[in-house]
Amino acid sequence: MTKDSMDATSAAPPRSPDTEAVHAGREDLAALGLHAVPLDLSTTYPSPDSRAEAARLDEFAATGARLEGPPVYARLDNPTVARFETALARLEKTEAAVAFASGMAALSAVLLLRASQGLRHVVAVRPLYGCSDHLLTGGLLGTEVTWTDPAGIADALRPDTGLVMVETPANPTLAEMDLTAVAHSCGSVPLLVDNTFATPVLQRPVEHGARIVLHSATKYLGGHGDVLGGVVACDEETARGLRRIRFATGGVLHPLAGYLLLRGLSTLPVRMRAQSATAAELARRLADDPRVARVHYPALGGAMVSFEVHGDPHAVIAGVRLITPAVSLGSVDTLIQHPGSISHRIIGEDDRRTGGISEKLLRMSVGLEDVEDLWHDLDAALDAALDAASGGAGDGVADLSSRPPAPRRQEPERAGR
Ligand code: MET
């Protein structure tokens, strides 16, 4: 290789997210003589030089920096999980990422880190995922929350505010907010954005001024409904604090989960594009449908659609045959759930109302099935819901005379709150 061609290589443009999704965190594989990622299930590592290990442990305790060489013990670090962290950080365009056993373990670690720095107050905007709301509202980790709307963030900040937390598009209403404006309102207080629904394919919050990005990795990052995990993408200084919290509290991601999440990332961009296209089409059809009162679909796009029905939402859940009636989201198959009964049950009806979560609302995570097959299933379930509401026989045959008058044609509701 000539010097010129080496220079050209080192000046290579940043890789596209599609390429990073397949290659980030795996750059050393060829040198190792491997193609697939090695899965290291070790809980401990041989360390014949105790003095050197003591020095390495002191270094980790003092700084939280990742150890060079073997991790000593699996609660400190794991090489397979580290590959997933590297890849996710690359996709979110952050310096680092720290993985946890679940999204809730990840959020807990951020709250504990800020509380350990004497910053126990959190400003947050509803709606958030129900358990995030519950963790903040209940003060279970000794934090105190002030709920506000995006316009009220600056006024809600206090000297002991350690974090501003938002989720956009939000779970379950898909409400969106202007992240750049929100980040500006936070001043020097770090803004945490739950980016689970958008994924870095559609939105990279740090490009808008957020400092911390949270994912339930269980959802789109894993993508197949078979792995539970959480991850925080952030600057290296925050990551060091989070690694120390993770070591102390033990909410580590299992290496097999790290392996599956890295594998899931490979197809994240293509899954998101395909699932989003189908979701947008279903949102359009639902918005045109007289059995549906209101449709929520993000201006940002994405594979989540929420809608409110005129009939009984529970009958829609009971009526689907192809779509799986289950909580969670982000899998290759389509799921539907009633937030008032499951994902947001724990926060109670009043707080759901404050967050704009109607008891008629259904939340659907659109998968990779054919759009006509999905529509056929939804169509029958919506008929069943109307039958149930009107006390009909529920034979699944549409009786147009029993339907409420068709509302004005609506566009899927986008953005705003
Ligand atoms: C335990 S309920 C919810 C799981 C998941 N976070 C969801 O929103 O579906």
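In this predicted model, the crossing of H6 and H7 is right-handed. The strands form two groupings described below: one open sheet has 7 strands, and another open sheet has 5 strands. A ligand is also present, with Tyr 129 and Asn 171 among the residues around it.

**Helix pair H6 and H7**

- Helix H6 covers residues 103-116 and helix H7 covers residues 130-137; their axes lie 10 Å apart and make an angle of about 30 degrees.
- Angles under 35 degrees count as roughly parallel, and H6 and H7 are therefore roughly parallel to each other.
- On the H6 side the contact is made by Met 104, Leu 107 and Ser 108, which meet Cys 131, Ser 132 and Leu 135 of H7.
- Sorted by class, this contact of H6 with H7 comprises 4 nonpolar residues, 2 polar residues and no charged ones.

**Seven-strand sheet**

- The strand order in this open sheet is S1-S7-S6-S5-S4-S2-S3, and the pairing is mixed.
- Strand S1 (96-100) and strand S3 (144-148) are the edge strands, each pairing on one side only.
- From one strand to the next, the twist averages 20 degrees.
- Strand S6 (residues 212-216) and strand S7 (residues 230-234) run antiparallel and are joined by 4 bridges.
- Ser 216 has Gly 230 in S7 as its bridge partner; Ser 216 is also one of the residues that surround the ligand.
- Helix H5 (residues 79-92) lies across S1, S6 and S7, and its direction is at about 130 degrees to S1.
- Helix H11 (residues 236-249) likewise lies across S1, S6 and S7, but runs at about 20 degrees to S1.

**Five-strand sheet**

- This open sheet has the order S8-S9-S12-S11-S10, with mixed pairing.
- Its edge strands, S8 (292-296) and S10 (324-325), each pair on one side only.
- Strand S11 (residues 335-337) pairs with strand S12 (residues 361-365) over 3 bridges, in the antiparallel sense.
- Within that pair, Gln 337 has Arg 363 in S12 as its bridge partner.
- Helix H12 (residues 255-287) packs on the sheet and touches S8 and strand S9 (304-309); the directions of H12 and S9 make about 15 degrees.

**Ligand surroundings**

- The residues surrounding the ligand are Tyr 129, Asn 171, Ser 216, Val 327, Ser 328, Leu 329, Ile 342 and Ser 343.
- By class, the shell around the ligand is made up of 4 nonpolar and 4 polar residues, with no charged residues.

Conventions. Residues numbered from 1 in each chain as written. Predicted model: local features only at pLDDT ≥ 70, side-chain atom pairs only at ≥ 80, totals over all residues. Axes fitted to C-alpha atoms, helices over the stretch in contact; angles between N-to-C directions. Parallel < 35°, antiparallel > 145°, perpendicular 65-115°, else oblique. Left-handed = near helix turned anticlockwise from the far one by under 90°. Contact = placed C-beta atoms within 7 Å. Nonpolar A, V, L, I, M, F, W, Y, C, P; charged D, E, K, R; others polar. Near = placed C-beta within 6 Å. Pairing = 2+ DSSP bridges.
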